[in-house]
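Please open the model in your viewer and keep the sequence panel beside it. The stops below each begin with a selection and then say what is found there.

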Amino acid sequence: METARERARLLSRRMEKLILVLMAILGLFALYGLVLAWSDPTWIGTFVIERLALPRPPLLSTSTMLLLAAAFLAQAGLLGWALQTLRAAFREIGLHDIVGAESARLMRLSGVAFLTNAIAMALAPPLVSLIVSLDMPAGQRFLAISFGTHELLALILSGILIVFGHLLAVAAEVDDDNKRFV
């Protein structure tokens, strides 16, 4: 039994390190995007328009590019928050008792963070299309709505994390009862 717990702690520590690497990659990507946006202000608009396959206005205004950059940073920030809370949950599991109340709370919080990110992913295409269409002439404005596999997987992942957090909370209660009984 103790070797299984040690293996679970070891796996949790490895997951924490992997998530830390993913967070560093996300940070580098966001920094790279900001540097490109600073050096070439039209880059962010072109990147987002091509990524979402939106019609390109003849000229993007400064306010549109700033709004697109803010949307880009908000999405990166939400993903960073979700990864940080998941990393904290695995850190708690790796350093302390596997079925603790704190690890359960952090796991549920990471599920909520990923759910928030999934909702933001689903709302990004309509929001970005509205931002881009601000620079379009009247009568050519548009609203793009899409929902794909990425958003569905993010919703499923967030649900799994929330349920897993609840299961950890129940397991922590049972473990506490067993410790008091013995």
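Select V128 to begin: this residue is buried, because its relative accessible area is 7%, where buried means under 20% relative accessible area, exposed over 50% and partly exposed in between, with a 1.4 Å probe and protein chains only. V128 sits in helix α4, helices here being DSSP runs of H or I with at least four residues (strands would be runs of E with at least two), numbered from the N terminus. The model is a predicted one, in which local features need pLDDT of at least 70 and side-chain atom pairs count only at pLDDT 80 or more, while totals for chains, interfaces and linings use all residues. Residues are numbered from 1 along each chain as its sequence is written, and side-chain values use heavy atoms, with hydrogens and water left out.

Show the surroundings of V128 next. Leaving aside neighbours within four places in sequence, V128 is in contact (heavy atoms within 4.5 Å) with V48, L52, L54 and L68. For a sense of scale, add L20, which is 108 residues from V128 in sequence and 29 Å away in space, C-alpha to C-alpha.

Stay in helix α4 and move to P125. P125 counts as buried because its relative accessibility is 7%, and, not counting residues up to four places away in sequence, P125 touches L52, A144 and S146. Between P125 and L86 there are 26 Å in space, C-alpha to C-alpha, and 39 residues in sequence.

Now select L86 together with M107, F114 and L168. Of the 20 residues in the largest nonpolar core, these four touch the most other members; such a core is a set of buried Ala, Val, Leu, Ile, Met, Phe, Trp, Tyr and Cys residues joined through side-chain atoms within 4.5 Å. Colouring by helix is useful here, since α1 (2–39), α3, α4 (101–133) and α5 (149–181) each supply at least two residues of this core. Which helix gives the most to this core? It is α3, with seven residues. A second, separate core has 15 residues, among them A37, V48, L68 and F142. In soluble globular proteins, nonpolar side chains tend to be buried together.

Centre the view on F114 and display its contacts. With residues up to four places away in sequence not counted, F114 touches L79, A82, L83, L86, A154, L157, S158 and L161.

From that list, pick S158, which lies in helix α5. S158 is buried, because its relative accessible area is 1%, and beyond its neighbours within four places in sequence it is in contact with G111, F114 and L115. Add the backbone oxygen of L155, which lies 2.7 Å from a polar atom of the side chain of S158.

Turn next to helix α2 (residues 42–52) and α3, which pack at an angle of about 65° with their axes 9 Å apart; axes are lines fitted to C-alpha atoms, for helices over the stretch in contact, and angles run from 0 to 180 degrees between N-to-C directions. Show T42, I44, G45 and V48 in α2, which meet M65, L68, A69 and F72 in α3. The residues of this contact of α2 with α3 divide into six nonpolar, two polar and no charged.

Keep A69 selected and add W38, a residue of helix α1. Is W38 buried or exposed? W38 counts as exposed, because its relative accessibility is 77%. W38 and A69 are 31 residues apart in sequence and 10.0 Å apart in space, C-alpha to C-alpha.

Finish at T64, in helix α3 (residues 62–95). T64 counts as buried because its relative accessibility is 1%, and, neighbours within four places in sequence aside, T64 is in contact with I131, V132, L134 and D135.

Terms used:
A polar contact is a pair of N or O atoms within 3.5 Å; within protein, one must be able to donate a hydrogen and the other to accept it, and residues adjacent in sequence count only if both atoms are side-chain atoms. Ala, Val, Leu, Ile, Met, Phe, Trp, Tyr, Cys and Pro count as nonpolar, Asp, Glu, Lys and Arg as charged, and the others, Gly among them, as polar.
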